[in-house]
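Got the viewer open? Keep a selection box handy, and we'll go from stop to stop.

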Amino acid sequence: MTSSPATVRDATVEVTAVSKWFGQKVAVSDLSCSFGPGITGLLGPNGAGKTTLLRMVCGLLRPSDGSVTILGVDPRRQPSVYAKAALVPEEDAVYPALTARQFVRYATDLSGAPRSRVDEAITAVDLQAAADRPIAGFSKGMRQRAKVAAALVTGPDVLILDEPLNGTDPVQRAHLIDIFRRLADEGKTVIVSSHVLAEVERMADRVLAVVDGRLAAAGDVGAIRHAMADIPYRVRIEVGDTRRMAALLLETDVVSSVAVSGSTLHVETSDLADLGRLVPRMAKQVDARLTAFEPEDESLESVFRYLVHRR
Amino acid sequence: MAEGVVFDLGYRPHEGPRLGRSGARWALYRDGLRRVLGLRRRMRRKVFPLVLMAVAVMPALFFVGISVVLREFDAAATFFGHAQYFELTGIMALVFVALAAGELLIPDRVNGTLAVYASRPLTTIDYLLMRTASLATVVIGFLWLPHLVLFLGRAWVSGFGSYVADNWPTLWKTLLASGVYFLAYAPLALLIAATSKRGALAAVLFLGVMLISGGATAALVDSGFKSFGLLALNQHPGYVKDWILGSHAHDWIPQQAGFEPIVSLVVILTLGALCGLLVIARQKKAA
Amino acid sequence: MRGFAAIVKVSLRQALGGKRVIVLGLLGLVPTLVMWLSSRNLTAGAAARRFYDAPFGILFLMVLPVCALVIGSGTMGDERRDGTLSFLLLRPMRRWVIVTAKFVAAWVASTTIVAASGLLAAITLGARSGDYAATGPIVLAVAISSAVYVAVFMLLGYLTSRAVLIGLVYVFIWESSITFAAAGLANVSLFRIGVTAYAALVPASRQPLNEVLGSLAPGAWGAMAKAVVITTLAVLALASLLRRRDALSE
């Protein structure tokens with residue numbers, strides 16, 4: 001695979017020109033990427049093909065075209081690779097009659113992992129108090145944690161999580177993110193698909209954005225934003241003399257629009273770096289106090305919105 | 001002081017008439033009909049009810065066709081009459097009720113949408129009555145339609161007015177008999193569906209109970225245990241049907257046990273009432 | 001081995017847990033009840049004939065198929081519908097091992113319920129006639145018929161959500177009616193596989209069973225061989241489907 005932000009050098013999961021269609025509906029189209037140690041966030045609007053992609057990565061779905069490998073093997077041909085890979089699916093894939101402990105122990109037995117890990121996994125997801133209660137009585141967040149524990153107990157090198165933060169409260173979310181972060185620091189490959197963009201932005205080392213079944217962007221969030229050259233940056237500038245500053249800004253080539261709101265200017269620019277050099281000079285020129293210069297759309301949410309609306 | 005304003009981005013509240021409880025009931029009834037018949041659903045959900053109805057009506061159409069070709073109604077040429085026709089459609093109704101009962105009661109409970117009904121001007125009894133009414137409409141319609149076809153076909157060939165004048169009681173009798181079959185099967189099927197999470201499982205258990213009761217009670221009545229004739233659940237509607245139609249299509253187990261048809265009717269109504277009360281209790285607990 | 005045992009254990013708990021096992025167990029008591037009551041005051045010979053009349057028929061034509069259909073069709077079908085199939089498939093275990101474990105659990109569950117029913121009925125026969133020779137063979141016959149039913153319904157349950165409907169048509173129309181019509185058709189009847197084993201081991205049953213069921217070629221080893229072949233084919237077919245098909249929940 002040639003080098004690009006969509007691929008990594010030390011890939012553990014490789015997706016090569018993968019497509020998947022269900023009858024007339026194309027869910028994933030000619031998608032190539034790879035995943036390696038660290039946390040990769042997989043983003044996309046509803047119906048973008050993220051879950052389909054993850055299920056192909058796991059081997060639950062066969063690609064209509066292309067290939068997927070985990071640790072160099074096709075998981076559909078060699079189930080032995082599942083000793084080192086685990087999936088936390090989005091759906092409620094639990095056994096309601098089992099207790100959390102029994103469920104995690106079941107995962108351990110099926111994967112051949114040592115039973116001593118059961119308690120560790122339950123403690124890791126903070127389910128000790130409810131470990132011996134049937135899962136049927138669990139809240140959604142608790143079920144999520146039970147699923148995560150069942151995945152962690154096998155000690156996977158590749159951990160795939162489809163919307164793992166659904167139903168969790170902020171404290172549980174922070175706790176789970178710590179777990180994923182720790183795994184990533186240990187050199188494991190963690191792939192997280194999520195709609196909670198702020199959290200993905202916090203934890204992911206890189207993101208892959210999927211829109212309409214195609215890879216829309218890949219890499220660092222800031223770098224993705226910079227790659228969107230056709231979309232002007234929006235910058236917030238807090239300055240004393242807004243009117244004179246606005247007039248000066250409009251005379252430059254890099255600024256396409258300025259909106260004034262009290263002591264704040266909202267500027268659209270095609271060249272953030274250039275604007276960053278010009279603004280302090282202009283402020284000095286009009287003898288105004290510059291108190292803030294902040295890009296407004298370099299967040300993952302903004303990037304995500306641009307990617308979705310570009311289609 | 002901070003100010004706020006909400007802009008109307010397109011949401012419009014309902015400004016039409018509020019239909020109230022009767023409207024909600026009617027909507028529930030129509031939804032029940034759709035579920036049972038597979039309407040507004042994928043083709044495969046329609047196949048079974050349509051095939052069953054076609055198989056039920058086909059012999060009637062065939063016999064009417066023969067009568068038309070022969071240009072006369074010949075009782076001998078129609079292989080069986082109204083009473084015997086129920087032998088065919090009764091079994092189909094049994095299977096149909098087994099599958100439809102689960103379709104009506106289980107999805108709402110399992111998918112958690114009972115709470116949606118509870119937030120409307122509907123009581124548990126409304127919900128159950130309307131579900132039962134939609135099942136009754138389809139099952140009784142399905143059972144009675146062939147008789148209507150047979151009746152009209154014979155009337156057409158035999159001099160419409162005179163045939164109708166002489167034989168119109170057949171219409172209400174076959175309708176009544178269809179109702180008896182429904183009352184004999186539906187309450188138990190609905191009770192089992194109300195306690196199951198899977199429609200298929202409920203159907204198998206219901207059919208198992210009905211069929212095993214028939215086989216077991218036949219042997220016991222034969223051995224002299226006449227009172228067990230009351231437990232021949234799948235035999236009572238046929239016995240009552242013969243009573244209504246004044247025919248003798250079959251040696252029914254309750255009949256062999258020495259019971260009068262009225263006893264079978266009482267068993268049907270009692271079991272129906274008991275199952276109904278249990279379904280209400282179960283549904284209230286689940287809601 | 002640990003994984004295999006774990007699947008069998010959890011699947012047995014799923015199959016035998018809940019209200020349905022109570023209902024199936026109660027249905028299973030019917031042959032015994034019928035036998036006990038209907039053979040009162042009969043001679044030993046008459047009691048034996050009565051056994052092969054209704055109780056035996058109820059056991060093999062109704063109780064066994066209903067149990068096998070309920071348990072067998074839900075074995076893989078429920079995992080798929082509940083979304084837990086991915087939990088099973090994403091394990092370092094060969095597909096045929098997973099399927100075999102599920103089959104073993106379903107077979108044990110079905111056989112336990114129906115064999116207990118048959119055993120009680122056979123003990124009742126023994127109490128009435130003084131002959132307990134039927135107790136062992138009936139358990140074997142149930143085990144054999146249960147194996148083939150469960151294997152076939154397990155495959156059907158995975159293939160379609162209408163497995164129960166198809167199973168019902170097969171059991172109550174094909175098995176209970178059509179296969180009685182012609183000797184040739186008896187060869188494609190699953191419940192007869194177990195009954196032929198029974199007839200081979202209980203010679204006294206051959207004549208009454210021939211009268212009730214039509215042609216019956218007794219043979220315990222042949223029956224077991226048929227059961228092994230059918231079961232193996234069903235398990236391999238299902239394992240192949242798991243390997244080749246997409247694991248989509250319903």
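Start in chain A, with a reminder that this is a predicted model. Select β5, β6, β7, β3, β8 and β9 of chain A: in that order, these 6 strands make up an open sheet with mixed pairing. The edges are β5 (85–88) and β9 (214–219) of chain A, each of which pairs on one side only. Look along the sheet and you'll see the twist: neighbouring strands are turned by 15 degrees against each other on average, direction ignored.

Now zoom in on one pair. Strand β6 (residues 158–162) and strand β7 (residues 189–193) of chain A run parallel, joined by 5 bridges. For a landmark, pick L159(A), which stands opposite V190(A) in β7(A).

Next, bring in the helices. Show residues 50–58 of chain A, helix α1, which packs on the sheet and touches β3 (38–43), β5, β6, β7 and β8 (206–211) of chain A. The direction of helix α1 makes about 155 degrees with that of β6(A). Then add helix α5 (residues 170–185) of chain A, lying across β3, β6 and β7 of chain A. Helix α5 runs at about 125 degrees to β3(A).

While you're here, click on E90(A), in the loop between β5 and α2 (100–111) of chain A. Is E90(A) buried or exposed? Neither, quite: its relative accessibility is 34%, so E90(A) counts as partly exposed. Beyond its neighbours within four places in sequence, E90(A) is in contact with T51(A), K140(A), Q144(A), K147(A), D162(A), E163(A) and N166(A). Try a distance too: the C-alpha atoms of E90(A) and S193(A) are 9.3 Å apart, with the two positions 103 residues apart along the chain.

Two hairpins come next, both in chain A. For one, select strand β1 (residues 13–22) and strand β2 (residues 25–35) of chain A, an antiparallel pair with 7 bridges. F22(A) stands opposite K25(A) in β2(A). The hairpin has 2 residues between its strands, and G23(A) in the turn has a positive phi of about 65 degrees.

For the other, select strand β11 (residues 255–261) and strand β12 (residues 264–269) of chain A, which pair in the antiparallel sense over 6 bridges. Here V255(A) stands opposite T269(A) in β12(A). Again 2 residues lie between the strands, and G262(A) in the turn has a positive phi of about 65 degrees.

Time to look inside. The largest nonpolar core has 243 residues, and the ones touching the most other members are Y106(A), F180(A), F206(B), F60(C) and Y198(C). Helix α4 (residues 55–82) of chain C gives the most to this core, with 15 residues. In chain A, domain 1 (13–219) and domain 2 (227–309) each supply at least three residues to the core. Centre on F206(B) and show what it touches, leaving out residues up to four places away in sequence: L94(B), A98(B), Y185(B), L188(B), A189(B) and I192(B). Apart from that core lies another, of 19 residues, including I237(A), M245(A), L248(A) and L272(A).

Last stop: colour chains B and C separately. How many residues of chain C are in contact with chain B? There are 27, meeting 22 residues of chain B. The area buried between chain C and chain B is about 2,200 Å², and carbon and sulfur atoms give 79% of it. Highlight L37(C), R162(C) and L165(C) to finish: in chain C, these lose the most area to chain B, together 20% of what that side buries.

Definitions and conventions: Residues are numbered from 1 along each chain as its sequence is written. Chains are lettered from A and ligands numbered from 1 in the order in which they are written. This is a predicted model: local features need pLDDT of at least 70, side-chain atom pairs count only at pLDDT 80 or more; totals for chains, interfaces and linings use all residues. Side-chain values use heavy atoms; hydrogens and water are left out. Two strands pair if DSSP finds at least two bridges between them. Helices (H or I, at least four residues) and strands (E, at least two) are DSSP runs, numbered from the N terminus. Axes are lines fitted to C-alpha atoms, for helices over the stretch in contact, and angles run from 0 to 180 degrees between N-to-C directions. Contact means heavy atoms within 4.5 Å. A nonpolar core is a set of buried Ala, Val, Leu, Ile, Met, Phe, Trp, Tyr and Cys residues joined through side-chain atoms within 4.5 Å. Buried means under 20% relative accessible area, exposed over 50%, partly exposed in between (1.4 Å probe, protein chains only). Domain bounds come from an automatic or database domain assignment. Buried area is the accessible area (1.4 Å probe) that two parts lose on being put together, summed over both.
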